[in-house]
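Trainee: Before I use any of the labels on this model at the bench, I would like to go through them with you and set each one against its definition.

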Amino acid sequence: HTKDGDYTSAQPLGYFEKKLVPAGFFRSHKSYLINLEYVTEIYPWFNGMLCVKLRGYENENLPVSRKNVKSLKEIFEG
């Protein structure tokens, strides 16, 4: 999803991850690549996971897998 619309691709998410991480994106979960500039809220979820809210998608709960929690915290906590 983008602010301009939804897109589909046959490429695996890892393909986009390699291109977009240097531009401020983060692989929060095996199915999610998020733009860190749009993060408005991070809060605990279940089973040691976190949940992220993004500007423009406030009604969506985007998971951060347990294996990626530490990396995300390091990004936002410095």
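The conversation below takes up the labels in turn, beginning with the model itself.

Trainee: What kind of model is this, and how are residues numbered?

Mentor: This is a predicted model, in which local features need pLDDT of at least 70 and side-chain atom pairs count only at pLDDT 80 or more, while totals for chains, interfaces and linings use all residues. Residues are numbered from 1 along each chain as its sequence is written, and side-chain values use heavy atoms, with hydrogens and water left out.

Trainee: What makes S3 and S4 paired strands?

Mentor: Strands are DSSP runs of E of at least two residues, helices are runs of H or I of at least four, and both are numbered from the N terminus. Two strands pair if DSSP finds at least two bridges between them; S3 and S4 have 5 bridges, in the antiparallel sense, so the pair meets the definition. Within this pairing, Glu41 stands opposite Lys53 in S4.

Trainee: How do you know that S4 and S5 pair as well?

Mentor: S4, residues 50-54, and S5 are joined antiparallel over 4 bridges, which again satisfies the requirement of at least two. Leu50 stands opposite Val64 in S5, and the bridge partner of Leu54 in S5 is Tyr57.

Trainee: Why are S3 and S5 called the edges of the sheet?

Mentor: The open sheet has 3 strands in the order S3-S4-S5, with antiparallel pairing. Strand S3 (39-44) and strand S5 (57-64) each have a single partner strand, so one side of each is left without a neighbour in the sheet.

Trainee: Which residues in the two hairpins take a positive phi?

Mentor: In the hairpin of S3 and S4, with 5 residues between the strands, Asn47 in the turn has a positive phi of about 55°, although Asn47 is not a glycine. In the hairpin of S4 and S5, with 2 residues between the strands, Gly56 has a positive phi near 95°.

Trainee: Why is Met49 called buried, when Asn47 is called exposed?

Mentor: Buried means under 20% relative accessible area, exposed over 50%, and partly exposed in between, with a 1.4 Å probe and protein chains only. Met49, in the loop between S3 and S4, has 14% and is therefore buried, whereas Asn47, also placed in the loop between S3 and S4, has 54% and therefore counts as exposed. Ile42, in strand S3, has 34%, so Ile42 counts as partly exposed.

Trainee: What makes a set of residues a nonpolar core here, and which elements contribute?

Mentor: A nonpolar core is a set of buried Ala, Val, Leu, Ile, Met, Phe, Trp, Tyr and Cys residues joined through side-chain atoms within 4.5 Å. The largest one has 11 residues, among them Phe26, Ile34, Val52 and Leu72. S4, S5 and helix H2 (66-77) each give two or more residues to this core, and its largest share, 3 residues, comes from S4.

Trainee: How do you know that Arg27 and Glu17 form a salt bridge?

Mentor: The definition asks for a side-chain nitrogen of Lys or Arg within 4 Å of a carboxyl oxygen of Asp or Glu. The closest N and O atoms of Arg27 and Glu17 are 2.8 Å apart, so the pair qualifies. Arg27 lies in strand S1 (residues 25-29) and Glu17 in helix H1 (residues 13-20), so the pair ties together parts that are 10 residues apart in sequence. By this rule the count comes to 1 salt bridge.
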